[in-house]
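Hi,

Here is the structure I promised to pass on. Have a look at it first, and my notes follow below.

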Amino acid sequence: MDYLTDEQVETLKQIMRDQQDRLVRAARNTMTEQYDNRDVVPADTIDLSSDESLQVTEHRLRDREKFLIAKIDKALKRMEAGTYGYCKECDDEIGFPRLKARPVAELCIDCKEEQEQFEKGTAKRRMQGDSVFP
Ligand SMILES: [Zn+2]
């Protein structure tokens with residue numbers, strides 16, 4: 001990650017640590033707090049009339065938080081190893097502006113767009129009932 005200055009690396013590290021702090025705090029939130037903060041939950045995954053589905057949503061949130069915390073951990077490790085900031089697919093520099101917006105990014109913008117196109121195509125085929133994974 002020679003293309004990043006020490007200062008840029010510090011900035012990214014700081015962003016990731018802040019995010020991690022927030023996620024850890026959010027994961028410790030009580031259900032009441034999550035209830036109040038329900039705008040973070042996609043409306044269609046939550047049925048407020050059912051305690052059971054609230055619990056399921058809470059589990060899903062925690063899973064997501066754990067996943068993101070682990071992802072940040074991995075990014076920080078890549079930073080230590082000096083492999084941070086390069087695209088997983090094409091080894092291109094991901095670039096500081098993109099990393100600043102999304103420090104855990106593992107793909108450059110070109111590969112990311114390609115992947116999204118692919119995922120969109122896959123979702124479409126699935127909706128049409130034509131499974132790509134038999
Ligand atoms: Zn790439």
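Helices here are DSSP runs of H or I with at least four residues, strands are runs of E with at least two, and both are numbered from the N terminus. On that basis the protein chain has 5 helices and 0 strands, so the order from the N terminus reads α-α-α-α-α. Do keep in mind that this is a predicted model.

On confidence, the mean pLDDT of the protein chain is 81, with 69% of its residues at 70 or more. Helix H4 (residues 96-101) comes out highest, at a mean of 97, while helix H2 (residues 31-36) is lowest, at 49. Where pLDDT is low, the predicted coordinates shouldn't be read in detail.

Now for burial and packing. Of the 134 residues in the protein chain, 7% are buried. The largest nonpolar core has 5 residues, namely Leu-12, Ile-94, Leu-99, Leu-107 and Cys-108. In soluble globular proteins, nonpolar side chains do tend to be buried together. As for contacts with a separation of 6 or more, 53% of those in the protein chain join residues 24 or more positions apart.

What does Leu-12 touch, if you leave out residues up to four places away in sequence? The list is Leu-99, Lys-100 and Pro-103, and Leu-99 is also a member of that core.

Leu-76 is another residue to click on. It sits in helix H3 (residues 51-81), and its C-alpha atom is 9.3 Å from that of Leu-12, although the two are 64 residues apart along the chain. Leaving out residues up to four places away in sequence, Leu-76 touches Lys-13 and Met-16. Is Leu-76 buried or partly exposed? Partly exposed, because it has 18 other C-beta atoms within 10 Å, and buried would take 20 or more.

Further along, Lys-112 belongs to helix H5 (residues 109-127). Lys-112 also counts as partly exposed, because it has 17 C-beta neighbours inside 10 Å. Its C-alpha atom lies 9.4 Å from that of Glu-89, with the two positions 23 residues apart in sequence terms.

One backbone detail for you as well. Asp-91, in the loop between H3 and H4, has a phi near 65°, which is positive in a residue other than glycine. Most residues other than glycine have a negative phi. Asp-91 is exposed, because just 9 other C-beta atoms lie within 10 Å, and the cut-off for exposed is 12 or fewer.

Cheers

Terms used:
Residues numbered from 1 in each chain as written. Predicted model: local features only at pLDDT ≥ 70, side-chain atom pairs only at ≥ 80, totals over all residues. Core = buried A, V, L, I, M, F, W, Y, C linked by C-beta atoms within 7 Å. Contact = placed C-beta atoms within 7 Å. pLDDT = per-residue confidence, 0-100.
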